[in-house]
Amino acid sequence: MTTSRLLLAAQSGELPLPEGTLTWLNAPGDGVCGIDPPQLSATQSFFPDHARLHARGIAVSPAATERTQNALITPDRSKPATFDLIAQAVALTAPGGMIAIDGDKTGGIDSLAKQLKTTFDDVQSYSKAHGKLLWFTRPEIPPDLSEWQEVTYQYPNGWITRAGVFSADGPDAGSKVLAEALPALKGTVADLGAGWGYLAGEILKSDAVTALTGIEADYHATECAKHNVQDPRASFIWGDVGHATQSGFDAIVTNPPFHISRKPDPALGARFIEKAADMLKPKGQLWMVANRNLPYEATLEARFRKVSIVAQTGGFKVIHAQTPKKASTRT
């Protein structure tokens, strides 16, 4: 498990563990901060990590709502999302409580420290394992942090996205390539890794689609999708594609992730392909887009009877796979 620098600082004598309740915002699924579960609560918007925290007996929610005596923050990869987490912590933490931020140098903790020192008094730090723990006392009257909370982005056509979600600045190039290659689908369709709903909206341009189910692991992206796609045929589920139980789809569309951290992991996309094969009808079809260099062909050939690349442009390939091979009939 990942040990927080809060616990390391306490073990070294640099900072005693805070007394009372502590909310860990954006807590990693395997994180250990040294606070007993009855005093610890957490927020986590990425479903697999949320499920891991829940399984460990930690009270966890996708967004912070409850008051707390202290707060610990794991920074988001998005700088605006990180500042929003700090603003949430200040709003929810009792005056005099500790607010701490535990981040790696590669994630920009040093620049974050500079900003905090211009905003709050007496910001302390503890350096360990290529990162820092920053902490300060929640002031009785906090500064105005409203700019830090401006993380929902509104587009002229009515779309909204949010800082920290995938492709928050608009439809990503791969999804656009896939949307252009899609035929008019029909029947029941699933969008695996639905994001904030761009592909779902494109799929639903076909009147022959009777129902669309979007599954997305990012809670905030799922909430954006519900706003962006208000077609009665559409429903969006916050969940883990790898553990989805839905089946019987005529078609599945996906722009699968190929990394969670900064390191690429093609096995993520391969799991989406495997799951798509399990979720489709016997004559169902998969439409997916991927970077040209990602090695998905072996998995596709193992799970589908017919596989073809229907478009290659801008560094992407669009793949059409038909007639899934179920586990008992693979050849």
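Contact here means heavy atoms within 4.5 Å. The model is predicted: local features need pLDDT of at least 70, side-chain atom pairs count only at pLDDT 80 or more, and totals for chains, interfaces and linings use all residues. Residues are numbered from 1 along each chain as its sequence is written, and side-chain values use heavy atoms, with hydrogens and water left out.

**Exercise 1.** Place threonine 222 and list its contacts, leaving aside neighbours within four places in sequence.

*Solution.*
- Start with the helix: threonine 222 sits in α7, residues 219–228. Helices are DSSP runs of H or I, at least four residues; strands are runs of E, at least two; both are numbered from the N terminus.
- Next, burial. Threonine 222 has a relative accessible area of 2%, so it is buried (under 20%; exposed is over 50%, partly exposed in between; 1.4 Å probe, protein chains only).
- Last, the partners of threonine 222: Gly195, Glu216, Phe236, Ile237 and Trp238.

**Exercise 2.** Find which side of helix α4 is buried and what covers its buried residues.

*Solution.*
- Helix α4 spans residues 109–119, and its buried residues are Ile109, Leu112, Ala113 and Leu116.
- These cover an arc of only 105° around the axis, so they lie on the same side of α4. The arc is taken from the directions from the helix axis to the C-beta atoms.
- On the other side of α4, Lys114 and Thr118 are exposed.
- The cover over the buried residues of α4 includes α3 (79–92), β7 (98–104) and β9 (131–137).
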